[in-house]
Structures are given as C-alpha cells and as structure tokens.
Amino acid sequence: MTTATKADDPAVDKPTLAPRPTNSLSPSRAGDFLTCGLLYRLRVIDQIPEAPGEAAARGTLVHAVLEKLFDHPAQERTETLAAELLTPSWQELRASDPLTASVLFGSPTAWEDHLAGKELPAPDADAEAAFVGNAKSFLTKYFRMEDPQRLEPHQREVPVSVTLPSGLTLRGVVDRVDKAPTGQVRVVDYKTGRAPGEGWESKAMFQMRFYGLVWWLLTSELPSRLQLLYLGNEQTLAIDPTEEQLLATQKKLESIGAAITKATERQEWRPRKSKLCSWCSFKPLCPEWGGTTPPLPVV
C-alpha cells in the first residue's frame, strides 16, 4: 500500500493563477479595459507599481484645495484664500505619501532606487516650491470659470457605490454635487488637464455618465447636468442626460463587466496599440512594443 504524500496531492501547495478580480468597476478601471486589455491586467491583477506622475500629483493637490475652499463661508472663498491653502494642503499630502515627493523632486533615478529598496534623498526644496507655485495658476483659472462664493455644494468628494442586478458593483468618488432649490442636481468633476479635442468628447464624458447613472440609481434623482471643468485650458464640457442615455450607459457597463469576466476566465488580456501608448508606463512589458509580458502572478 502506497501512502500519499503532500507532494502527491494535486490540491496541496499547487500554485494557481491570480484570483479573479472583484466584480466591480470604477470609471478609471472601465476606461483602462476599454483602452487596452493588457493595461487592465497589469494594473488590476498584477498590480505592478507605477511611478508617481507630476500631472496626477498636481491634480490631487488642486482637488484638495478646492475641497477645503468650500469648508469656508461663502464670502471667504477668494483666490487669495485658495492660494493660502496650497502649501498646507501639499504638506498634508506629502506627509501621507512621502514617496511621491521623493520621486518627483529627488534624484533622476529615485523610482528605480525605490524599487531596489534604497533609501531616497530628501526632495529638492526649490523644485518642490516651483511645483506648488505652478498649481496656483490652475486655481486662478478655476476662479475665471466659477465663482465659489455663489455656490453651496450639496456634497463634496463623496464615495459612491451601487450594485447592479447582474451583481456588478459600480464605485467611485464624485468631486462635487450641486442641488438647486428647485431640486435639480448637477454632478461636477474637476480636471487639471486640457479638454479633449474634437471627436474625443464622448469618451471624456463617459466618466460623468458613469457617475450620473450611479447617482440616479442611489437617490432616484436624475441629474439635470453632468459637467467637467477642464482647468488646463479653461473649457467646460457638459451634457444634460436623459434616462435613456443613462440606461444605455448601464448596458455598456454590464457589457464591460462581462467582457472582463470572460477575459479573466480565459486569461486572455490582449494589448491594443493606440496613440495613448505614448503615456503608458507599461510599454516595456507590452509585446506590441517589443516587450515581454510577465507571467500571471500566482497565489
């Protein structure tokens, strides 16, 4: 009689492929999958670290200042106050995420040194100050687009989550929700980049239709307006959604969720080459650019 050993049992200590992603979608993750299946995989399943970017850090800083601005009474919401909030807001962000400052304003090899486990030098103070000063220009642009003294947001930086009948959960964070005395709702998002060129508006508004749908499902309030403020070139994109449009968005999101499930089951994450590849940090791992994709992680 042969006694089975641990190594003989195929169910014991056998590496398995990465677990199936949770059945949820945010606007960014849905956008990743629509842009490139491999991009989605490397971010969501492999969770490969990406170096902090200055544009993203600037956007986080400007968002933080605008949120704090509305903590003050309406008459105090001036451009001067916003400028005064910049430095303390950056200090708070820096304290919660010191790596970003070290990578952006440290040595040219700071990210590689971090991945290698090396101690990073202190950020360059002049470069850091210049970054904060540059963010001030975006606040100036904001005040040319809106008068915060005339606004009383209903909610700000609000986490939202709703589960569809299929089991797919939609989640995200809404920058601002305004509600008029008549009950009309406006969902607003700030962008520190530039508004998209002609032909790309619909893709840009996908995020807002996503949030409009989630708000509608959560509150039964159909937003009267979905609005994107592009501070980079002081342009506004807005749509007044209908129920039919938001139901079409729900159908599209269900389709994306099903496609992700299918890709996960088949372990097929196809790269999709496009102009957006220029900004992708995973090009060295993409076969479309001569790179080698790492094997799926095991658990």
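**Exercise 1. Find where Glu234 sits in the chain, and work out whether it is buried or exposed or partly exposed.**

Step 1: Go to the loop between β5 (225-230) and β6 (235-239); Glu234 lies there. Helices (H or I, at least four residues) and strands (E, at least two) are DSSP runs, numbered from the N terminus.

Step 2: Look at the backbone. Phi of Glu234 is near 55 degrees, a positive value in a residue other than glycine. Most residues other than glycine have a negative phi.

Step 3: Check the cover. Glu234 has a relative accessible area of 31%, so it is partly exposed. For the cut-offs, buried means under 20% relative accessible area, exposed over 50%, and partly exposed in between (1.4 Å probe, protein chains only).

Before you go on, keep in mind that this is a predicted model, where local features need pLDDT of at least 70, side-chain atom pairs count only at pLDDT 80 or more, and totals for chains, interfaces and linings use all residues. Residues are numbered from 1 along each chain as its sequence is written, and side-chain values use heavy atoms, with hydrogens and water left out.

**Exercise 2. Find the element that holds Glu157, then say which cavity it helps to line.**

Step 1: Glu157 is found in strand β2 (residues 155-163). Its phi is positive, about 45 degrees, although Glu157 is not a glycine.

Step 2: With a relative accessibility of 25%, Glu157 counts as partly exposed.

Step 3: Now look for empty space. A search of the whole structure finds 2 cavities of 30 Å³ or more. A cavity is a set of points, on a 1 Å grid over the protein atoms alone, where a 1.4 Å probe fits but cannot get out; lining residues have an atom within 4 Å of a point. The volume is the space filled by probe spheres set on the points, which are joined across faces, edges and corners.

Step 4: Glu157 is in the lining of the second largest cavity, along with residues including His63, Phe70, Arg156 and Tyr190. That cavity has a volume of about 30 Å³. The elements giving two or more residues to its lining are α3 (54-69), β2 and β3 (169-179). The largest share, 3 residues, comes from α3.

**Exercise 3. Which residues of helix α1 (residues 27-35) are buried, and what covers them?**

Step 1: Pick out Pro27, Ala30, Asp32, Phe33 and Thr35; these are buried.

Step 2: Look around them. The cover includes β1 (24-25), α2 (37-45), β3, α8 (201-219) and α9 (243-266).

**Exercise 4. Locate Ser224 and list what it touches, not counting residues up to four places away in sequence.**

Step 1: Ser224 lies in the loop between α8 and β5, and at 28% relative accessibility it counts as partly exposed.

Step 2: Ser224 touches Gln184, Val185, Ile239, Asp240 and Pro241. Contact means heavy atoms within 4.5 Å.

Step 3: Try a C-alpha distance too. Ser224 and Gly183 are 41 residues apart along the chain, and their C-alpha atoms are separated by 9.5 Å.

**Exercise 5. How far is Val298 from Asp46, in sequence and in space?**

Step 1: Find Val298 in the segment after α9. Val298 is exposed, with a relative accessible area of 56%.

Step 2: Val298 and Asp46 are 252 residues apart in sequence and 9.5 Å apart in space, C-alpha to C-alpha.

Step 3: Zoom out to the whole chain. Among the contacts with a separation of 6 or more, 65% are between residues 24 or more positions apart.

Note on methods: 1 Å grid on protein atoms, 1.4 Å probe; cavity = no way out; pocket = protein on both sides within 12 Å on 5 of 7 lines; lining within 4 Å.
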